[in-house]
Amino acid sequence: MFGLGGRVALVTGGSRGIGRACCEALAAQGATVVVNYVKGEAAATEVAQSIAAKGGTADVQGFDVSDSKAVDAGVESVVKRHGKLDILVANAGISIDGLLLRLKDDDLDKLWASNVRGAIACARAGSRSMMRARWGRIVFMSSVVAEMGNAGQTAYAATKAALIGAAKSIAREYGSRNVTANVIAPGYIDTDMTAAMTPEQREQLVKIVPLGRTGAAADVAAACVYLVSEEAGYVTGQVLRVNGGMYV
């Protein structure tokens, strides 16, 4: 089940954390994976080489998702090299936390450009190939805070919530072309972004997770593999929560 042989997948922000785990999981199921990066070319190349060492197929494509023209050019390059694009995992994003009263317009603009406009630009560019083929999978990487909220993350939560509305609209717009659009909302996952937390902060977070532990990037990647598979062809416009019961 969930075999992806013959499929071409682009994972934005694929050089580390959840993005890397998604790249590795998709490649393990037979997909040709394109690892996107902004500045971490060496890290992205290492991911592609690691996949190749395990018998998979991968290459890299650098572009900044917040730059729509760069997105269009990058996706066009992927399609030229591989002939098509079947799967988009819009994982790239940033986090800038702070209380609402201290929120700077510049930070809000940066969050919106990367987390929302970037994901939509990637979906717009990638969907052209999918519509021609009448088969496609789009996955937006959101967050548990999009639905439950969190003090100090008003702007970040807003951008992640916006992806849910976008995916639901894309699902309705492209359903007739057999293109699905779904959202993954991870909870507390051990990644570079959470590594900066103090032990006390980690302990408090784990207390509100019914499963009593943090998640791994591989947990999110497994959900991603399902949503982009043939078996999930009747699943669209949905939010798949990978949060250990943190929000239900």
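**Helix pairs, cores and two positive phi values**

Reader: Is F2 buried, partly exposed or exposed in this predicted model?
Author: F2 has a relative accessibility of 26%. Buried would need under 20% and exposed over 50%, so with its 26% F2 counts as partly exposed.

Reader: And what is the phi of F2?
Author: F2 sits in the segment before β1. It isn't a glycine, yet its phi is positive, at about 65°.

Reader: Which residue in the loop between α4 and β5 also has a positive phi without being glycine?
Author: The phi in question is near 55°. The residue has a relative accessible area of 48%, and since exposed starts over 50%, it is partly exposed. The residue in that loop is R134.

Reader: On to the packing: are α3 and α4 roughly parallel or roughly antiparallel?
Author: Helix α3 covers residues 68–82 and helix α4 residues 105–133, and their axes lie 9 Å apart at an angle of about 30°. Angles under 35 degrees count as roughly parallel, so α3 and α4 are roughly parallel.

Reader: How many charged residues does the contact of α3 with α4 have?
Author: On the α3 side, the contact includes S68, V71 and D72, and on the α4 side R117, R124 and R128 are among the residues taking part. By class, the contact has six nonpolar residues and three polar ones, and the charged ones number five.

Reader: What about α4 and α6, how many nonpolar residues are in their contact?
Author: These two helices pack at an angle of about 20° with axes 9 Å apart, and α4 passes α6 in a right-handed crossing. Among the residues that meet are L108, L111 and W112 of α4, and A155, Y156 and L163 of α6. The classes are three polar, one charged and, for nonpolar, 15.

Reader: Which element gives the most to the largest nonpolar core?
Author: That core has 33 residues, and L26, V33 and I184 touch the most other members. Elements supplying at least two residues each include β1, α1, β2 and α8. With eight residues, the one giving the most is α8.

Reader: Which residues of α8 does I184 touch?
Author: Leaving out residues up to four places away in sequence, I184 touches V139, F140 and M141, among others. Helix α8 spans 217–228. Within that span, the residues I184 touches are V220, A223, C224 and L227.

Reader: How many residues are in the other core?
Author: It lies apart from the largest one, and A119, C122, A166 and A181 are among its members. Its residue count is 32.

Key:
Residues numbered from 1 in each chain as written. Predicted model: local features only at pLDDT ≥ 70, side-chain atom pairs only at ≥ 80, totals over all residues. Heavy atoms only, no water. Core = buried A, V, L, I, M, F, W, Y, C linked by side-chain atoms within 4.5 Å. Buried < 20%, exposed > 50% of the residue type's maximum accessible area, 1.4 Å probe, protein only. Helix = DSSP H or I, 4+ residues; strand = E, 2+ residues; numbered from the N terminus. Contact = heavy atoms within 4.5 Å. Axes fitted to C-alpha atoms, helices over the stretch in contact; angles between N-to-C directions. Parallel < 35°, antiparallel > 145°, perpendicular 65-115°, else oblique. Nonpolar A, V, L, I, M, F, W, Y, C, P; charged D, E, K, R; others polar. Left-handed = near helix turned anticlockwise from the far one by under 90°.
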